[in-house]
Every structure is written in structure tokens, then in C-alpha cells.
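Trainee: I have a new model open and would like to learn how to read it. Could you take me through it feature by feature?

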Amino acid sequence: MVRLNRIYTRTGDDGTTGLGSGKRVPKYDLRVESFGTVDEANACIGMARLHTAGVFPELDAMLARIQNDLFDLGADLCTPDVGEPLAYEPLRIVQEQVERIEREIDALNADLAPLKSFVLPGGSAASAHLHLARTVTRRAERLMTELVAQPGERVGTAAMRYINRLSDFLFVASRWVNDKGARDVLWAPGKNR
């Protein structure tokens with residue numbers, strides 16, 4: 001159980017932050033950038049939920065589960081797998097979380113007509129916020145991919161799959177809230193030349 005008695009600790013005043021392993025790293029460390037961007041994506045989903053709560057209860061429940069999963073992903077990324085035992089079992093994203101989000105993508109996508117053009121963010125407030133969450137999620141994925149490419153750094157396969165599926169989920173959800181795609185704003189290539 002998490003217990004926060006003090007919000008400020010002063011331990012980061014030197015420009016470092018502690019990982020779940022206890023190791024201190026600079027706040028600009030790629031691992032910190034990765035889980036910080038996952039947190040940013042979570043905040044964007046929270047903003048989207050202001051427009052889905054009470055209007056799209058099934059989708060809102062999915063987004064609530066995803067927000068919890070993103071805290072799991074942040075904990076996963078915060079505790080690097082360095083091959084040494086820790087004093088506790090670190091929280092990791094698991095394949096079941098990936099499979100659940102895949103089922104939810106399929107369920108939402110079944111209601112949508114196939115696309116004939118790229119979609120511009122907009123159409124409704126909920127859709128625009130979901131698109132913003134999607135783009136931040138893609139940035140998190142790019143950072144996680146860069147992290148994995150660093151010597152000695154690891155990120156679990158399920159975590160990588162989850163972040164990839166999440167951007168797909170958010171894209172499908174952004175269309176679904178736009179009257180199942182009927183209110184999508186389509187890209188018209190070269191329209192303003």
C-alpha cells in the first residue's frame with residue numbers, strides 16, 4: 001500500500017530522483033522521461049474522461065482501467081530490471097493487460113466504418129482530448145523504444161506491447177466518440193494549396 005505522509009522530501013533538490021530500485025538518477029534520465037511521459041498521457045486521459053463520464057459509460061470504464069494500468073506501467077518503468085534481486089517483487093505490466101486492451105479495441109472498432117482518409121483531431125471535445133492522449137502515448141512509446149536501445153537497459157515485452165496498443169485504442173476511441181466515426185474530421189490532402 002502506498003502511503004504519502006509528506007509531499008516534499010527535498011531529496012530531488014540536487015536534480016536527481018530515486019528509482020524503485022533505490023538508485024538515484026538525473027531527472028533528465030531517459031527512464032525518467034519515459035515514465036514521466038506515461039504520467040502525462042494518463043493526465044490527458046483524465047482530461048478526456050471529463051467528456052466521456054456520464055455520456056459514454058462503457059468507454060469511460062475502459063479509460064478508468066487504462067489510467068490504473070498506466071500507473072502500473074509507470075511503476076514498471078521506475079523499477080529497472082537489472083538482473084539483481086530486489087527486496088520486493090516489482091510491479092510489471094503483464095500479457096493479460098495487453099490482451100484486455102486488444103479486446104476493447106476490437107469491440108470499439110467493430111462499430112466503425114473503415115477509414116478512407118486520415119482523421120484530423122477534432123469533431124468533438126472528447127475526440128480531441130483522446131487524440132491528444134494518443135499523441136502523448138506515441139511519444140512515451142518512442143522514449144521507451146529509445147530506452148530499450150540503450151546498453152544495459154531493459155523494458156518488459158508486455159510493457160512495450162501495452163504502450164503500442166494504447167495508442168491504437170485511443171485512436172479507435174476518438175473515432176467511436178465521434179458518433180462512431182460519422183463526425184470524424186477527415187484530412188483533405190493539398191486542400192489549401
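Mentor: Gladly! Let's begin close to the end of the chain: Trp 187 sits in the segment after strand S4 (185-186). Keep in mind that this is a predicted model.

Trainee: Is Trp 187 buried, partly exposed or exposed?

Mentor: The general idea is to compare the relative accessible area with two cut-offs: under 20% is buried, over 50% is exposed, and anything in between is partly exposed. Trp 187 has a relative accessible area of 40%, so it is partly exposed.

Trainee: Which residue, 70 positions away along the chain, has its C-alpha atom 6.2 Å from that of Trp 187?

Mentor: That is Ser 117. The two C-alpha atoms are separated by 6.2 Å although the residues are 70 apart along the chain.

Trainee: Which residues form a nonpolar surface patch with Trp 187?

Mentor: Its partners are Phe 118, Leu 120 and Val 185. Together with Trp 187 they offer about 390 Å² of accessible area. Leu 120 belongs to strand S3 (residues 119-120), and its relative accessibility of 36% makes it partly exposed.

Trainee: Let's step back to the whole chain. How many helices and strands does it have?

Mentor: There are 5 helices and 4 strands. Read from the N terminus, the order is β-β-α-α-α-β-α-α-β. The C-alpha trace spans about 50 × 40 × 30 Å along its principal axes, and 41% of the 193 residues are buried.

Trainee: Now the helix packing. At what angle do H1 and H4 pack?

Mentor: The idea is to take the angle between the N-to-C directions of the two axes; a value over 145 degrees counts as roughly antiparallel. Helix H1 (residues 30-52) and helix H4 (residues 125-149) pack at about 170 degrees, and their axes are 8 Å apart. H1 is therefore roughly antiparallel to H4. Their crossing is left-handed.

Trainee: And how far apart are the axes of H2 and H5?

Mentor: Those axes are 12 Å apart, at an angle of about 155 degrees. H2 and H5 are therefore roughly antiparallel to each other as well, and the crossing of H2 and H5 is left-handed.

Trainee: Salt bridges next, please. What is the general idea, and how many are counted here?

Mentor: Side chains of opposite charge can pair when their charged atoms come close. The test applied here asks for a side-chain nitrogen of Lys or Arg within 4 Å of a carboxyl oxygen of Asp or Glu. By that rule the count is 12.

Trainee: Which residue does Arg 31 pair with?

Mentor: Arg 31 meets Glu 153, with an N to O distance of 2.6 Å. This pair links distant parts of the chain, 122 residues apart: Arg 31 is in helix H1, while Glu 153 is in the loop between H4 and helix H5 (157-176). Arg 31 is buried, at 2% relative accessible area, whereas Glu 153 is partly exposed at 24%.

Trainee: Which residue forms a salt bridge with Asp 60?

Mentor: The partner is Arg 49, and the closest N and O atoms are 2.9 Å apart. Asp 60 lies in helix H2 (residues 57-78) and Arg 49 in helix H1, so this bridge ties together parts 11 residues apart in sequence. With 10% relative accessibility, Asp 60 is buried; Arg 49, at 23%, is partly exposed.

Trainee: And where are Asp 76 and Arg 92 in the chain?

Mentor: Asp 76 is in helix H2, and Arg 92 is in the loop between H2 and helix H3 (95-109), 16 residues apart. Their salt bridge has its closest N and O atoms 3.1 Å apart. Asp 76 is buried at 5%, and Arg 92 is partly exposed at 26%. Elsewhere, shared partners join Arg 65, Asp 69, Arg 100 and Glu 104 into one salt-bridge network.

Trainee: One last feature, the backbone torsions. What is the phi of Asp 179?

Mentor: Asp 179 has a positive phi of about 55 degrees, although it is not a glycine. You will find Asp 179 in the loop between H5 and S4. Lys 180 lies in the loop between H5 and S4 too, and its phi is positive, near 55 degrees. At 39% relative accessibility, Lys 180 counts as partly exposed.

Conventions:
Residues are numbered from 1 along each chain as its sequence is written. This is a predicted model: local features need pLDDT of at least 70, side-chain atom pairs count only at pLDDT 80 or more; totals for chains, interfaces and linings use all residues. Side-chain values use heavy atoms; hydrogens and water are left out. Patches are made of residues with over 30% relative accessible area and no salt bridge: like charges are joined within 9 Å, nonpolar side chains (Val, Leu, Ile, Met, Phe, Trp, Tyr) within 5 Å. Accessible areas come from the Shrake-Rupley method with a 1.4 Å probe; for residues, only the protein chains shown count as cover. Helices (H or I, at least four residues) and strands (E, at least two) are DSSP runs, numbered from the N terminus. Buried means under 20% relative accessible area, exposed over 50%, partly exposed in between (1.4 Å probe, protein chains only). Axes are lines fitted to C-alpha atoms, for helices over the stretch in contact, and angles run from 0 to 180 degrees between N-to-C directions. Angles under 35 degrees count as roughly parallel, over 145 as roughly antiparallel, 65 to 115 as roughly perpendicular and the rest as oblique. A crossing is left-handed if the near helix is turned anticlockwise from the far one by less than a right angle, and right-handed if clockwise.
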